[in-house]
Amino acid sequence: MDTTKKNNAILAGVSINRRPAWEIEDSLEELAGLAKTAGYSITGKVIQAKGRINPRSFIGEGKVEELLSLKTGSNACLVIFDDDLSPAQCRNLENALNCAVVDRCGLILDIFNRHARSREAKTQVQLARLEYLLPRLTGRWSHLSRQRGGIGLREVGEKQLEIDRRIVRQEIYRLRDKLKAIDKERHIQRKARDEIFKAAIVGYTNVGKSTLMNRLTMSNLFVEDRLFATLDACTRTLKKARGKKILITDTVGFIDKLPHSLVASFKATLDEVRMADFLIKMIDVSHPRFEAQMASTQRVIGELGVMDKPNLWVFNKVDRVPGAIVENIAARFPGSSFISAAKGNGCEELVRTITSIQEERMVERELVLDYRENSLLQQIRRHGHILSEKYTENGIRVLFRMEGKRLGLLKKAGCLSA
Ligand SMILES: Nc1nc2c(ncn2[C@@H]2O[C@H](COP(=O)(O)OP(=O)(O)OP(=O)(O)O)[C@@H](O)[C@H]2O)c(=O)[nH]1
Ligand SMILES: [Mg+2]
């Protein structure tokens with residue numbers, strides 16, 4: 001769906017499984033943030049507090065009536081549901097309300113589509129969108145426009161619809177193949193970096209991940225007060241005074257109810273998180289529900305299967321909250337870091353923490369290297385700390401500290417036994 005125009009929209013939320021009212025209000029507020037990012041003005045909202053889900057129209061008939069009059073009164077062109085709608089529910093609602101209806105997933109896909117920059121992100125988003133749209137292609141608004149190669153709003157007949165579906169399916173296969181090829185390239189790039197300690201910044205969208213990345217790596221990545229500013233994982237070198245090289249990766253933000261198709265197609269990006277040695281779990285401490293952010297972050301980390309990785313909670317935006325509150329939170333989450341990525345508070349300390357975590361992972365080993373194996377000595381220098389170096393009859397006796405994972409380098413060269 002094309003949402004580039006500034007348009008009026010109405011939000012709709014339902015209390016499923018007796019969720020408390022504040023939870024729905026919060027979720028709708030986040031939905032409003034998403035809608036704003038997508039270029040909409042919110043002109044009203046409807047909440048169905050009780051009752052069962054209507055399989056036909058998701059909300060009850062009375063609520064549909066309420067939505068219709070609100071929509072007409074406020075001149076809205078779109079109704080955005082906070083929960084997943086089935087393709088049939090979406091269709092029925094569109095017919096009843098006589099306007100476009102989209103759910104949270106559809107809206108997120110739309111935002112992702114507009115924020116995608118790299119070839120990889122664009123391919124991932126396009127695939128997720130088509131998978132989302134395929135069961136939703138209807139005569140009322142078929143989304144395919146072959147001329148533009150994109151997706152638009154257009155009325156079509158049944159025959160055209162079948163053709164459209166076929167084209168979408170073919171396109172899905174093509175994009176999957178393309179992603180596989182990109183994934184291969186990535187794999188090769190990652191392998192080259194595999195020997196270097198890598199920390200990934202993860203967390204809810206808009207918490208300040210890219211701001212921290214910019215500070216730590218002196219980069220100039222795009223930062224904005226909007227949801228999903230970053231869609232591409234980006235890896236750079238941590239700039240610091242001493243020690244071994246450390247890489248930092250900025251990642252796409254998390255959000256509750258992220259479309260499954262998106263999670264799947266962002267596999268390559270999220271693989272960066274899986275490959276990391278260490279996770280910086282970032283939270284916006286100034287967010288009224290920062291604890292819900294912590295829970296979401298834990299959940300996604302669990303889903304990615306990286307719960308066991310060494311990690312650190314980093315509470316950002318301390319400049320936005322009174323010191324007493326920060327102290328209170330610090331007492332509740334001992335061992336966490338408190339920073340302002342924008343202002344720089346606590347960032348040097350964070351760098352020291354990351355460095356010491358890298359150093360803690362090092363083990364001590366001794367080796368006697370043949371004088372001809374100069375390149376191995378260089379490898380040890382590059383990836384570890386040499387404690388002593390003695391020139392003996394048999395070769396160079398080196399005592400060094402190196403990360404356990406990197407010892408593979410030397411094992412491969414036959415210098416170290418397992
Ligand atoms: N006051 C304050 N604002 C901050 C701080 N860190 C980041 N911000 C602001 O928060 C907003 C989001 O920052 P980003 O760095 O884009 O956040 P992100 O986590 O990368 O967001 P996504 O890429 O959209 O998931 C921007 O407006 C930043 O200027 C901070 O320490 N203090
Ligand atoms: Mg970002």
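**Ligand shell, nonpolar cores and an exposed proline**

The shell around ligand 1 is made up of seven nonpolar, nine polar and seven charged residues, where Ala, Val, Leu, Ile, Met, Phe, Trp, Tyr, Cys and Pro count as nonpolar, Asp, Glu, Lys and Arg as charged, and the others, Gly among them, as polar. The structure is a predicted model, in which local features need pLDDT of at least 70, side-chain atom pairs count only at pLDDT 80 or more, and totals for chains, interfaces and linings use all residues. Residues are numbered from 1 along each chain as its sequence is written, while chains are lettered from A and ligands numbered from 1 in the order in which they are written.

Among the 23 residues around ligand 1, those that come nearest are Gly-208, Asp-225, Thr-230, Gly-253 and Ala-342 (a residue is near if its C-beta atom, placed from the backbone, lies within 6 Å of the molecule). With three residues, helix H7 (residues 209-217) gives the most to this shell; helices are DSSP runs of H or I with at least four residues, strands are E runs of at least two, and both are numbered from the N terminus.

Turning to the interior, the largest nonpolar core has 80 residues, of which Ala-35, Val-79, Ile-80 and Ile-108 touch the most other members. Such a core is a set of buried Ala, Val, Leu, Ile, Met, Phe, Trp, Tyr and Cys residues joined through C-beta atoms within 7 Å, buried meaning 20 or more other C-beta atoms within 10 Å of a residue's own, exposed 12 or fewer, and partly exposed in between, with C-beta atoms placed from the backbone. Helix H5 (residues 119-133) supplies the largest share of this core, seven residues.

Pro-334, in the loop between helix H11 (323-332) and strand S12 (337-338), is exposed because 6 other C-beta atoms lie within 10 Å.
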